[in-house]
Amino acid sequence: MAILYGIGASPFVRKVRVVLSEKGLPYEREEILPMNVPPEFKKISPLGKIPAYRDGDVTLCDSSVICAYLERVKPVPPLYPADAYEYARALWFEEFADTALVQVFGPKIFMQRIVNPRFFGQPTDEAAVAKAVKEELPPLFDYLEGQLDGDQWLVGKQFSIGDIGVGTQFVNLAYAGEGVDPARWPKLARYVARVHERPSFRGLIQEERASLGISG
Ligand SMILES: N[C@@H](CCC(=O)N[C@@H](CS)C(=O)NCC(=O)O)C(=O)O
């Protein structure tokens, strides 16, 4: 049985779990906290980051690498568009989420509201969260709103790795009690709800909310 290493609350671990679920690939998850990882873990994830993946002799790290590998292992259903331009666009949205979205949603909001008080006994710096929400979220949301041309998904007609990458970051934002104002970003609000309603996301969100003790 394949093993995915990492904790459920990580948006990058969730990205891989959604791909595994969409493709119907069985796996077990082994809890690895992203700080002070065991030295053994660095043999499969040299930077010490989660997720990492093992299937027999195959060991991999980095969510984007693992997802691309899984696509080759089980090409159906496809999560990367066949058309060259659409393929590149899907990779772009994954990259945008893995860099621009996580940089704000993660340390500035999710860490502050969830991780610091629950796991480190530190108070939330609400002023810092409010500043990030007011100043840093709107340009990101404006961009995504402009990319949603009334289509169901970000790229073409197909649910893709771009939607998974973006959708997983919005899960952490929701856990931290923030979201998309439908009056200001109507297409994005509908889109995020659509992505999170997929069974692959919905099941994980229920499981994670229960384990983190977050209602909703
Ligand atoms: N590019 C990596 C990013 C993974 C990542 O940043 N994971 C975080 C947890 S959400 C981590 O392990 N952080 C610990 C560290 O940076 O040492 C991927 O896509 O897997």
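By class, the shell around the ligand in this predicted model comprises 5 nonpolar, 2 polar and 2 charged residues. Its members are, in sequence order, Ser-10, Pro-11 and Phe-12, then Pro-34, followed by Lys-49, Ile-50 and Pro-51, and finally Asp-62 and Ser-63. The nonpolar part of this shell consists of Pro-11, Phe-12, Pro-34, Ile-50 and Pro-51, while Ser-10 and Ser-63 make up the polar part and Lys-49 and Asp-62 the charged part. As for its location, the ligand occupies the largest pocket.

Turning to the individual polar contacts, three side chains of the shell deserve a look. Ser-63 places a polar side-chain atom 2.5 Å from an oxygen atom of the ligand. For Asp-62, an N or O atom of the side chain is 3.0 Å from a nitrogen atom of the ligand. Lys-49 has a polar side-chain atom 3.4 Å from an oxygen atom of the ligand. The ligand taken alone exposes 510 Å², and the protein buries 69% of that area.

Beyond the ligand, charge pairing within the protein is also worth a visit. Side chains of opposite charge can pair when their charged atoms come close. The structure holds 13 salt bridges, one of which joins Arg-198 to Glu-22, with 2.8 Å between the closest N and O atoms. Glu-22 belongs to helix H1 (residues 11-23), whereas Arg-198 lies in the loop between helix H6 (186-197) and helix H7 (199-212), so this pair ties together parts that are 176 residues apart in sequence.

Methods:
Residues numbered from 1 in each chain as written. Predicted model: local features only at pLDDT ≥ 70, side-chain atom pairs only at ≥ 80, totals over all residues. Heavy atoms only, no water. Near = heavy atom within 4 Å. Polar contact = N/O pair within 3.5 Å; in protein donor to acceptor, adjacent residues only side chain to side chain. Areas by Shrake-Rupley, 256 points an atom, 1.4 Å probe, with all protein chains shown as cover. 1 Å grid on protein atoms, 1.4 Å probe; cavity = no way out; pocket = protein on both sides within 12 Å on 5 of 7 lines; lining within 4 Å. Sits in = over half its atoms within 2 Å of the grid points. Salt bridge = Lys/Arg side-chain N within 4 Å of Asp/Glu carboxyl O. Helix = DSSP H or I, 4+ residues; strand = E, 2+ residues; numbered from the N terminus.
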